[in-house]
Each structure stands twice: as structure tokens, then as C-alpha cells.
Amino acid sequence: MSEPVKGPASYFPSIEKKYGRPVTEWKDLIRSSPLTKHMELVSWLKAEHGLGHGHANALVAHTLKEDAGPA
């Protein structure tokens, strides 16, 4: 039996369902943005793309962590 998904990735199924775009597309948008700070990106996703705060925060946190590489 697999472990339940935890952290920001636990939001991904509901993000895809609610906004109709795959998470990879959202991550590509985040990476293509000239913005680099976490809260700037969250605010941008909310204002320009209509995401809720929790969904925007989860996408940004996961993407930035992924791009930072292993801790």
C-alpha cells in the first residue's frame, strides 16, 4: 500500500480538477515568470490566473523546492 501524498503535492489533484490545467503547466508558468520571490509568485497566480491562496501557495512552494534541488 502506498503512502498518502503529503505537503504541497496533496493539493495537486484538486488544482487540476478545479482549474482544468495539469500541474506541469502551472509549474511551467511559474518558471517562465520574471518573478522569483515566493509571495510575489503567489500573488501573481491569484491576480492573473484566479487561483485561490492555498492552491497558489502549494504550486509555488513545490516548484521552488524542486528547482532548488536536494537540501
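Is Thr63 buried or exposed? In this predicted model, Thr63 is buried, with a relative accessible area of 0%. Thr63 lies in helix H4. Setting aside residues up to four places away in sequence, Thr63 touches Lys27, Ile30 and Arg31. Those contacts lead into the packing of the helices.

Start with the core. The largest nonpolar core has 16 residues. Trp26, Leu45 and Leu59 touch the most other members. Four helices feed this core with at least two residues each: H1 (12-19), H2 (23-32), H3 (38-49) and H4 (53-68). In general, nonpolar side chains in soluble globular proteins tend to be buried together. Leu45 shows what a core residue meets. Leaving out neighbours within four places in sequence, Leu45 is in contact with Trp26, Ile30, Gly50, Leu51, Ala56 and Val60.

Now take H1. Phe12, Ile15 and Tyr19 are buried in this helix. They cover an arc of only 60° around the axis, so they sit on the same side of H1. The spacing follows a general rule: an α-helix has 3.6 residues a turn, so residues three or four places apart point the same way. The other side of H1 carries Pro13, Lys17 and Lys18, which are exposed. What covers the buried residues of H1? H2 and H4 are among the elements that do so. Just after H1 comes Gly20, with a positive phi of about 70°.

Next, see how H1 meets H2. Two packed helices are described by the angle between their axes and the distance between the axes. For H1 and H2, the angle is about 90° and the axes are 9 Å apart. An angle from 65 to 115 degrees counts as roughly perpendicular, so H1 and H2 are roughly perpendicular to each other. H1 brings Phe12, Ile15, Glu16 and Tyr19 to this contact, and H2 brings Val23, Trp26 and Lys27. The residues of the contact of H1 with H2 divide into five nonpolar, no polar and two charged.

H2 also packs against H4. Here the angle is about 70°, with the axes 10 Å apart. H2 and H4 are therefore roughly perpendicular to each other. From H2 come Val23, Trp26, Lys27, Ile30 and Arg31. From H4 come Leu59, Val60, His62, Thr63, Glu66 and Asp67. The residues of the contact of H2 with H4 divide into five nonpolar, two polar and four charged. Thr63, the buried residue of the opening question, belongs to this contact.

H4 holds another buried residue, His55. Its relative accessibility is 15%. Buried means under 20% relative accessible area, so His55 qualifies. Which residues does His55 contact, leaving aside its neighbours within four places in sequence? They are Tyr11, Ser14, Ile15, Lys18 and Tyr19. Ile15 and Tyr19 were met above as buried residues of H1, while Lys18 is exposed on the other side of that helix.

Finally, look at the loop between H2 and H3, where Pro34 is found. Pro34 is exposed, with a relative accessible area of 76%. Pro34 and Pro70 are 36 residues apart in sequence. In space, their C-alpha atoms are 23 Å apart.

Technical notes:
Residues are numbered from 1 along each chain as its sequence is written. This is a predicted model: local features need pLDDT of at least 70, side-chain atom pairs count only at pLDDT 80 or more; totals for chains, interfaces and linings use all residues. Side-chain values use heavy atoms; hydrogens and water are left out. A nonpolar core is a set of buried Ala, Val, Leu, Ile, Met, Phe, Trp, Tyr and Cys residues joined through side-chain atoms within 4.5 Å. Buried means under 20% relative accessible area, exposed over 50%, partly exposed in between (1.4 Å probe, protein chains only). Contact means heavy atoms within 4.5 Å. The arc is that of the directions from the helix axis to the C-beta atoms. Axes are lines fitted to C-alpha atoms, for helices over the stretch in contact, and angles run from 0 to 180 degrees between N-to-C directions. Angles under 35 degrees count as roughly parallel, over 145 as roughly antiparallel, 65 to 115 as roughly perpendicular and the rest as oblique. Ala, Val, Leu, Ile, Met, Phe, Trp, Tyr, Cys and Pro count as nonpolar, Asp, Glu, Lys and Arg as charged, and the others, Gly among them, as polar.
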